[in-house]
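Visitor: Could you walk me through this structure? I am new to it, so please explain the terms as we go.

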There are 2 protein chains.
Amino acid sequence: MALTASLTQPRRASPFDHAYAVILAGGSGTRFWPLSRRKRPKQLLNLFGARTLLEETAARIRDLIPPERTYVFTNHRIRDEVRRQLRAVPGRQIVAEPASRNTAPTIGLAAHEILRHDPEGIMVVLPSDHVITKPAIFHRALAAGCNWAREPGRSVLIGLKPTCPETGYGYIRLGKLASGPRSLGIFQVLQFTEKPDSATARRYVRAGNYLWNGGMFIWRASTLIANLERLQPDLAAGLCRLAEAGGIRPEAALKRLYPRLANISIDYAVMEKAPDVFAVAADIGWSDVGSWAAAYELIGKDGAGNVRPPAAFLLDSRGNLIVSKGKFVAAVGVEDLVIVETEDALLVCARDHSQDVGKIVRELEEKGSEKLL
Amino acid sequence: MALTASLTQPRRASPFDHAYAVILAGGSGTRFWPLSRRKRPKQLLNLFGARTLLEETAARIRDLIPPERTYVFTNHRIRDEVRRQLRAVPGRQIVAEPASRNTAPTIGLAAHEILRHDPEGIMVVLPSDHVITKPAIFHRALAAGCNWAREPGRSVLIGLKPTCPETGYGYIRLGKLASGPRSLGIFQVLQFTEKPDSATARRYVRAGNYLWNGGMFIWRASTLIANLERLQPDLAAGLCRLAEAGGIRPEAALKRLYPRLANISIDYAVMEKAPDVFAVAADIGWSDVGSWAAAYELIGKDGAGNVRPPAAFLLDSRGNLIVSKGKFVAAVGVEDLVIVETEDALLVCARDHSQDVGKIVRELEEKGSEKLL
């Protein structure tokens with residue numbers, strides 16, 4: 001009966017009709033060295049199980065937005081691996097940018113590409129190197145965001161309740177509830193603050209009406225382009241020229257025109273200045289996994305709080321994160337360490353010093369130790 | 001003039017006339033895992049520079065006792081490597097014992113071999129896995145010991161001033177000064193205590209008239225055999241049969257007869273029971289390097305107390321001992337660790353837990369992880 005009904009009744013509109021996923025997979029983080037490398041950045045690592053963060057990102061939205069409506073932007077160094085990990089996405093929709101130009105040019109390029117196919121297209125921009133532990137709530141947040149962003153002129157981002165006064169993130173100040181229940185509501189956004197100082201961050205967290213900007217955005221492609229034309233006319237013009245030359249292909253035009261675009265983030269280029277910016281406030285269990293310490297918190301541990309290869313031998317050791325590529329590891333009398341062993345490098349780091357791992361990479365860059373980067 | 005005089009005057013007697021070195025190189029310590037392995041025990045490691053402990057042992061006595069009067073006892077697993085490290089010693093004098101029978105059979109076998117060549121032979125028995133940082137004083141101690149042991153019936157050992165109440169060593173109680181200055185004197189030995197409990201060890205160290213028994217012995221070969229005959233008649237008889245069958249060669253006789261000998265230490269078999277036992281009390285800068293922590297104390301450190309490969313990158317790290325076979329190592333925010341990386345294994349150990357490294361080896365033995373042993 002139900003089946004017959006669904007076949008005969010008119011199809012109910014989905015929040016994801018005309019929705020296109022734009023996955024940003026060009027990051028080149030240094031914080032998971034020595035596991036992360038230039039050719040194997042964080043999004044390509046399977047820190048938390050069988051799937052990499054990129055694969056998780058794609059899997060999370062697959063049921064909402066089909067792979068044919070998914071675009072992935074990355075760089076030449078890792079494009080082949082990105083394609084390997086995302087076989088369901090058509091290869092021509094996995095784009096290697098010829099130069100690194102931050103998020104605004106990437107997203108603008110994606111908007112033109114989507115518009116070419118679908119004037120009603122709605123873009124869902126998603127980083128590929130974050131963890132989301134509550135996918136069902138994430139789905140509801142995306143649905144609410146897509147519904148709200150269907151109205152031309154509106155920009156929507158997913159806002160995340162801050163769990164600590166992190167100074168490395170962007171904060172947004174919320175205004176009135178515009179729609180929905182408070183637990184999954186659409187709020188006006190009144191102000192952006194990028195990387196506040198520690199006292200300010202503490203104040204924001206205490207105040208309760210600030211959220212983290214997690215870099216997940218939803219607009220009509222046409223809304224974004226209109227905002228770019230008004231707020232970043234040079235960039236908008238450059239993107240138009242690129243679109244006229246073919247957009248994401250042929251590669252020759254991309255190679256010639258893309259590097260001329262302004263190196264600017266979408267937050268700074270558009271979001272901070274646009275009218276009608278809204279946030280979906282949702283507890284989606286988000287983490288950007290910004291350090292080995294953050295990864296440790298997210299991984300299953302044994303009774304002594306160790307993350308460890310099954311074959312490792314641990315004696316009087318607690319709270320360690322141990323990653324080894326096959327080598328037998330023994331730990332004796334050590335606590336709260338990060339121990340990561342790869343083919344060519346070994347890191348031993350106090351867990352509460354893991355924010356300094358990037359300094360190793362900078363040192364290697366200065367020394368020109370290409371093989372270790 | 002001086003040269004002419006030395007050619008024409010009668011040669012002055014040396015304390016090392018008729019002296020034979022007997023180097024014990026059969027040890028199979030587990031405390032330097034993963035660097036030490038069955039096929040590469042401690043004495044074959046170059047923990048402290050270019051030379052291995054075995055090479056250091058041989059070099060230390062080379063000027064006193066020539067290689068032709070040096071015997072080395074080891075096992076089949078490492079004989080080739082011992083020969084490689086001690087090229088100056090005639091190959092036939094580097095003997096692989098067909099079974100592990102502790103020190104008394106080894107030393108008895110050496111005594112027969114020496115007597116076969118030199119009825120006046122004096123044996124200087126030396127372990128090969130210790131460190132001696134004051135070789136000049138060591139030489140004087142050996143000279144004093146050889147002079148004193150020349151008198152038939154006397155047994156001499158090198159006694160070491162205890163620096164801590166170590167419970168893993170043997171202690172000897174000194175009686176009267178028999179000869180020489182107190183700083184490098186020959187003392188009567190009144191009593192042996194093997195591995196005292198902690199309270200007893202502390203009492204011994206406080207008392208001042210106790211020394212560590214460092215396993216270095218000097219006797220006439222004939223004195224040792226006489227003592228064995230009186231104190232260990234079965235072992236002495238077995239050694240006689242072996243000597244009659246050829247001693248250290250042919251291998252077939254050794255293989256047949258050696259395993260039948262009693263498994264017993266020279267301390268227990270002879271020294272604790274013999275008359276006329278003396279000790280040379282000398283500050284020779286001795287260490288048996290019984291753990292990674294002990295090795296750390298003996299190795300040159302950088303300003304932050306780290307022992308490290310030059311290429312390693314250390315940040316906010318102090319007091320670490322880092323050994324790596326070529327792999328790049330980065331340490332961040334870690335203190336007082338032992339980090340040892342080999343081709344197939346990695347140890348990360350709190351320095352003050354390094355006495356537990358042997359437990360890893362026992363675990364590997366129980367698991368049958370032959371490759372890691």
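**How the two chains meet**

Guide: In this predicted model, 29 residues of chain A are in contact with 29 residues of chain B (a contact means that the C-beta atoms, placed from the backbone, lie within 7 Å). Because the model is predicted, local features need pLDDT of at least 70 and side-chain atom pairs count only at pLDDT 80 or more, while totals for chains, interfaces and linings use all residues. Residues are numbered from 1 along each chain as its sequence is written, and chains are lettered from A and ligands numbered from 1 in the order in which they are written.

Visitor: Which element gives the largest share of the side of chain A that touches chain B?

Guide: That is strand 16 of chain A, with six residues; strands here are DSSP runs of E with at least two residues, helices are runs of H or I with at least four, and both are numbered from the N terminus.

Visitor: And how do the residues on that side divide into nonpolar, polar and charged?

Guide: There are 19 nonpolar, three polar and seven charged residues on the side of chain A that touches chain B, where Ala, Val, Leu, Ile, Met, Phe, Trp, Tyr, Cys and Pro count as nonpolar, Asp, Glu, Lys and Arg as charged, and the others, Gly among them, as polar.

Visitor: Do any strands pair across the chains, and if so, which strand of chain B is joined to strand 14 of chain A?

Guide: Strand 14 of chain A runs parallel to strand 16 (residues 345-350) of chain B, and five bridges join them; two strands pair if DSSP finds at least two bridges between them. Within strand 16 of chain B, B:C349 stands opposite A:V332.

Visitor: What turn lays chain A on chain B?

Guide: A turn of 180° with a shift of 0.0 Å along the axis does so, at an RMSD of 0.1 Å (least squares on the C-alpha atoms of residues with pLDDT of at least 70 in both copies). The two copies are thus related as by a two-fold rotation axis, and A:V348 is the residue of chain A that comes closest to that axis, at 4.2 Å (C-alpha).

Visitor: Changing topic, what does strand 7 of chain A pair with?

Guide: Strand 7 (residues 170-179) pairs in the antiparallel sense with strand 8 (residues 186-194) of chain A over seven bridges, and A:S179 has A:I186 as its bridge partner. These two strands form a hairpin with six residues between them, and A:G180 in the turn has a positive phi of about 80°. Strand 7 of chain A also runs antiparallel to strand 9 (residues 210-220) of chain A, joined by four bridges.

Note on methods:
Two residues are in contact if their C-beta atoms, placed from the backbone, lie within 7 Å.
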